[in-house]
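Biologist: I have not worked with this protein before. Could we go through its structure in questions and answers?

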Amino acid sequence: MPLKVREHEEPTLNLTPMIDVVFLLIIFFMVGARFTELEREFDINLPTVSEARPLTNPPDRIEVNVFRNGRIKVAGQFLTIDELNVRLQQAQQRYADQAVMIRADGNNAYQQVIDVLSVCEQAQIKHFTLAARVEGEEPQ
């Protein structure tokens, strides 16, 4: 007795649910964009402040360069120990967690680095690092 052989139906992919989701996403983003436009249309006079602290990112660390001859350079300016103290105290008042990186010449006298560390202590800077270069690495 011969068996009936059915033709196999080709599988199909129903795209209707995917199209529905895409349309819903388009509508969602169009409505969301409209709300942001409405928020910008209000005429608001913002209050002013005398000194504003950043709300997002902390400030960059202060890099203190101590040269072999004992001179101290911060942000392109040569400073005395007293001027460095004032600058670090101002920075610490603006941002309590101000970081400082001390970069001293490898052949520098140890006392000069200790003086800078002392100034960091006086300015209540708690986050400081001493820069070093890995042996065999090119100087920057």
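Biologist: Is phenylalanine 78 buried, partly exposed or exposed?

Modeller: This is a predicted model, and the relative accessible area of phenylalanine 78 comes to 40%. Buried needs a value under 20% and exposed one over 50%. Because 40% falls in between, phenylalanine 78 is partly exposed.

Biologist: What lies over the face of phenylalanine 78?

Modeller: A charge counts as sitting over a ring if, among other conditions, CZ of Arg is within 6 Å of the ring centre. Here the distance from the ring centre is 3.9 Å, and the residue over the face of phenylalanine 78 is arginine 71.

Biologist: How many aromatic pairs does the structure hold?

Modeller: Two rings pair if their centres lie within 6.5 Å. By that cut-off, the number of aromatic pairs in the structure is 2.

Biologist: What kind of pair do phenylalanine 28 and phenylalanine 29 form?

Modeller: The centres of phenylalanine 28 and phenylalanine 29 are 5.3 Å apart, with 70° between the planes. Planes over 60 degrees apart count as edge-to-face. So the pair of phenylalanine 28 and phenylalanine 29 is edge-to-face.

Biologist: Are phenylalanine 28 and phenylalanine 29 buried or exposed?

Modeller: Phenylalanine 28 has 55% relative accessibility, and phenylalanine 29 has 56%. The cut-off for exposed is over 50%. Therefore phenylalanine 28 counts as exposed, and phenylalanine 29 counts as exposed.

Biologist: What kind of pair do phenylalanine 67 and phenylalanine 78 form?

Modeller: The ring centres of phenylalanine 67 and phenylalanine 78 are 5.8 Å apart, and the planes differ by 45°. Planes under 30 degrees apart would be stacked and planes over 60 edge-to-face, so the rest are tilted. The pair of phenylalanine 67 and phenylalanine 78 is tilted.

Biologist: How many residues apart are phenylalanine 67 and phenylalanine 78?

Modeller: Phenylalanine 67 is in the loop between S1 and S2, whereas phenylalanine 78 is in strand S3. The pair thus links distant parts of the chain, and the two are 11 residues apart.

Biologist: Which residue in the loop between S2 and strand S3 has a positive phi although it is not a glycine?

Modeller: The phi in question is about 55°. The residue counts as exposed because its relative accessibility is 68%. It sits between S2 and strand S3 (77-79), and its name is alanine 75.

Biologist: What is the phi of glutamine 124?

Modeller: Glutamine 124 lies in the loop between H3 and strand S5 (127-130). Although glutamine 124 is not a glycine, its phi is positive, at about 60°.

Biologist: How many residues are in the largest nonpolar core?

Modeller: Residues with the most contacts inside this core include Ile62, Leu88 and Val100. Elements that give two or more residues to the core include strand S1 (62-66), helix H2 (81-94) and helix H3 (110-122). Leucine 88 touches Ile62, Val100 and Val119, among others. The number of residues in the core is 16.

Biologist: Which residue in S5 stands opposite valine 100?

Modeller: S4 and S5 run parallel and are joined by 4 bridges. Opposite valine 100 stands phenylalanine 128.

Biologist: What is the handedness of the crossover from S4 to S5?

Modeller: The chain leaves S4, passes through H3 and reaches S5, making a β-α-β crossover. That crossover is right-handed.

Biologist: What pattern does the protein follow along its sequence?

Modeller: The protein has 3 helices and 5 strands. Read along the sequence, they give α-β-β-β-α-β-α-β.

Technical notes: Residues are numbered from 1 along each chain as its sequence is written. This is a predicted model: local features need pLDDT of at least 70, side-chain atom pairs count only at pLDDT 80 or more; totals for chains, interfaces and linings use all residues. Side-chain values use heavy atoms; hydrogens and water are left out. A nonpolar core is a set of buried Ala, Val, Leu, Ile, Met, Phe, Trp, Tyr and Cys residues joined through side-chain atoms within 4.5 Å. Buried means under 20% relative accessible area, exposed over 50%, partly exposed in between (1.4 Å probe, protein chains only). Contact means heavy atoms within 4.5 Å. Rings of Phe, Tyr and Trp (its six-membered ring) pair if their centres lie within 6.5 Å; planes under 30 degrees apart count as stacked, over 60 as edge-to-face and the rest as tilted. A charge sits over a ring if NZ of Lys or CZ of Arg is within 6 Å of the ring centre and within 35 degrees of the ring normal. Two strands pair if DSSP finds at least two bridges between them. A crossover is right-handed if, with the strands pointing away from the viewer, the path from the first strand over the helix to the second runs clockwise. Lists of a residue's contacts leave out its neighbours within four places in sequence.
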